[in-house]
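Visitor: I would like to go through this structure with you step by step. May I begin with the overall layout?
Guide: Certainly; please look at the structure first.

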Amino acid sequence: MEAVVVMKLPSFKSLAPNAISIASGHRSFSRVRRSSSLSVASSSATIATDSEPVSLGHSTRKDFRILHQEVNGSKLVYLDNAATSQKPAAVLDALQNYYEFYNSNVHRGIHYLSAKATDEFELARKKVARFINASDSREIVFTRNATEAINLVAYSWGLSNLKPGDEVILTVAEHHSCIVPWQIVSQKTGAVLKFVTLNDDEVPDIDMLREMISSKTKLVAVHHVSNVLASSLPIEEIVVWAHDVGAKVLVDACQSVPHMVVDVQKLNADFLVASSHKMCGPTGIGFLYGKSDLLLAMPPFLGGGEMISDVFLDHSTYAEPPSRFEAGTPAIGETIALGAAVDYLSGIGMTKIHEYEVELSKYLYEKLSSLPNVRIYGPRPSENVHRAALCSFNVEGLHPTDLATFLDQQHGVAIRSGHHCAQPLHRYLGVNASARASLYFYNTKEDVDSFIVALADTVSFFDSFK
Amino acid sequence: MNTGSSLKALASPPLISTSLRPKRKSFPNPKFSPKTIRCMLDSNINLNFGSNPNPPTHDFPVSYATVSLEAPLKTTTTSDKLHLLVSEFRSLTEPIDRVKRLLNYASTLTPLDDSARVPANRVTGCTTQVWLEIKMDEFGKIRFKADSDSEISKGFCSCLIWILDGAKPEEVMGVRSEDLSVMNVGVHGKAQSRVNTWHNVLLSMQKRTMALFVDADVAHRERDRPSHDLLFGYVNGSYMESSSSSKLPDYSISLLPLYYDFTI
């Protein structure tokens, strides 16, 4: 858009951030605060001091200046959080602070800046370890994203442990990133992929999964929370069943770590992956949690600097984990900013975030299901069934991409359309695509209301063309 | 359809006066004749179909006006059509008007037979399902048919087919993705977005045109006829036609635009 758009102030006056304006191609944000010292900005959510109770969404929105803007002439309603989350000012400050004051390579130089960068980088590893309750920060391997983390396990652990006839159990609801690496590895090793389908409640059939586990099973690789169905799997039980036959468990926790308390020791999973950008951190960084003994026994995934101990012309010896799996210069600033994101989320409290999202989730489901001709995928919420704060859905006779386009263009509502990197699941559900509205703790019931009004208008618009 | 008769009559790119929609069975001549073009910017386009309590307040750029564009003597070239369509979409400053226009054009698109809705005809890279059928007629012109499960994508296809159906292969290859960026809905200026249907359908049209052309040329050679005298040359970002028959054409994939590999 060519025109300069002046941002509307948010309706919550006491929480309004500085007004900002956006020009095409150039965003001129005046920073709320900028650290002028060398210290890394400490990050925590600022809780509103108003006497009247405000929701978590209302109280945290001021930390996300991106949310306070107009798009296509309407107030932005950002409901594409399962694809990526927004970043609070504390995270942006941490990134800026690194590049502005102590940008330097890690683990290399002996000069001040390098030492500072290394300290902050390794501190981020400790923060992530604490966040998921890993017993040792050396169990955290930084990767580009969760996809790379899964590929790391597939190529390193998978290629050296899977044999012809071995079985890897997945569900049809996995993200492509937790299907394709195993397809590649199975083609190389002769291992067999087995897929758990959905039950009548439209969740992966746990009974089928349990029956599928046998002495041939070497790995169970499953999601924690589905990015389409909003359902969650009982990882603790699955781990017990898998370990009983000596199989390992990898958990794709991309949709759980940002939204709830995830305790890897309690889950007792062998591997767990998550992505920074879905949990208020920057893109370009994710992590793999792996049990120490497993990581120690795994060969390198990529070769290069940092991952070696000694290099000779004909061979090399490899560093201990996690360095063994972190070849080359990492995304230093992004890792440090991920640490800031973890601080920010911890400052709010993951329990509080989860409880708020459970409430929002119910509200979204209730409102969306009240519209005619709307089919929401995944389980119906009940006392025992808590859905994640997202709804994948279709409106009869309306393509989700048309719907998403109109919502964006006419109402400033950002949702996702397509197969959400879960084509096998969509095929199983008998559709090619779906629309998805996904929430995070900075969303409010007003966002949901705006979405529902906009959706009703969208349906009415397209109906008028039939 | 709640579009009123004036829009009905204009429901073909780019709003060229035509009262009847020809019913086509298979790859007929282009449906739009090179006559005077009436580019109507109708105020009806501002109809509030939905129940949005706050409809856009912007008036249409040429509100309540009918603009007649005297077309050049020959408007059947691909570049003429592209120019007209770009002009039309550029005049639609409100996104909703683009959507409405596309939906109108979608309604003019002849549906593909089920037999053509096969995986081999799928355009990859789109978030919607798009099927593209392509043939070369006896005059060496490329004939396109397309369909989609999305109405907006169908509108894109309708426009692309209006531009390129019946074009010579080199004309098809000469259209650049950037040329279409002004016509985007929802992805303004992001001509290479992987969800950009314009981009993906165009590239699929070009890729398959190239394949047809190579096949046709091979058939020529096998019949021991003189080599096709058309050569493609990629010069400064444009395909140039050469009548030289002394050089053998290089039909390698490298002839495709440099941006080709990014999305397909």
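Visitor: Into which domains is chain A divided?
Guide: Chain A is divided into domain 1 (56-79 + 349-464) and domain 2 (89-347); such bounds come from an automatic or database domain assignment. Please note that this is a predicted model, in which local features need pLDDT of at least 70 and side-chain atom pairs count only at pLDDT 80 or more, while totals for chains, interfaces and linings use all residues. Residues are numbered from 1 along each chain as its sequence is written, chains are lettered from A and ligands numbered from 1 in the order in which they are written, and side-chain values use heavy atoms, with hydrogens and water left out.

Visitor: How far apart are the C-alpha centres of the two domains?
Guide: The C-alpha centres of domain 1 and domain 2 of chain A are 28 Å apart. Their contact (heavy atoms within 4.5 Å) takes 33 residues from domain 1 and 32 residues from domain 2.

Visitor: How many helices and strands does chain A have?
Guide: Chain A has 14 helices and 20 strands. Both are DSSP runs numbered from the N terminus, with helices being H or I of at least four residues and strands being E of at least two.

Visitor: What share of the residues counts as buried?
Guide: Of the 466 residues of chain A, 57% count as buried. Buried means under 20% relative accessible area, exposed means over 50%, and partly exposed lies in between, for a 1.4 Å probe and protein chains only.

Visitor: Which residues have the most contacts inside the largest nonpolar core?
Guide: They are F393(A), I415(A), F441(A) and F451(A), in a core of 137 residues. A nonpolar core is a set of buried Ala, Val, Leu, Ile, Met, Phe, Trp, Tyr and Cys residues joined through side-chain atoms within 4.5 Å. Helix α10 (residues 332-348) of chain A gives the most to this core, namely 10 residues.

Visitor: And where does that core lie with respect to the domains?
Guide: Domain 1 and domain 2 of chain A both give residues to this core, so it lies between them. Another core, of 27 residues, lies apart from it and includes W157(A) and F325(A).

Visitor: Back to α10(A): at what angle do α3(A) and α10(A) cross?
Guide: Helix α3 (residues 112-131) of chain A and α10(A) cross at roughly 40°, and their axes come within 8 Å. That makes α3(A) oblique to α10(A). Axes are lines fitted to C-alpha atoms, for helices over the stretch in contact, and angles run from 0 to 180 degrees between N-to-C directions. Angles under 35 degrees count as roughly parallel, over 145 as roughly antiparallel, 65 to 115 as roughly perpendicular and the rest as oblique.

Visitor: Is that crossing left-handed or right-handed?
Guide: The crossing of α3(A) and α10(A) is left-handed. A crossing has this hand if the near helix is turned anticlockwise from the far one by less than a right angle, and is right-handed if clockwise. Among the residues that meet are A117(A) and F121(A) in α3(A), and I336(A) and V342(A) in α10(A).

Visitor: At what angle do α12(A) and α14(A) pack?
Guide: Helix α12 (residues 400-411) and helix α14 (residues 445-463) of chain A pack at about 115°, with their axes 10 Å apart. Their crossing is right-handed. The contact includes F406(A) of α12(A) and F451(A) of α14(A).

Visitor: Let me change topic to L364(A). Is it buried or exposed?
Guide: L364(A) is buried, with a relative accessible area of 1%, and is found in helix α11 (residues 350-369) of chain A. Leaving aside neighbours within four places in sequence, its contacts include A437(A) and F451(A).

Visitor: Where does A437(A) lie?
Guide: A437(A) lies in strand β20 (residues 434-438) of chain A and is buried, at 0% relative accessible area. Beyond its neighbours within four places in sequence, A437(A) is in contact with residues including L364(A), F393(A) and I415(A).

Visitor: One last topic: which residues does a cis peptide bond join?
Guide: A cis peptide bond joins P321(A) and P322(A), with omega about 5°. P322(A) is in the loop between β15 (316-318) and α10 of chain A.
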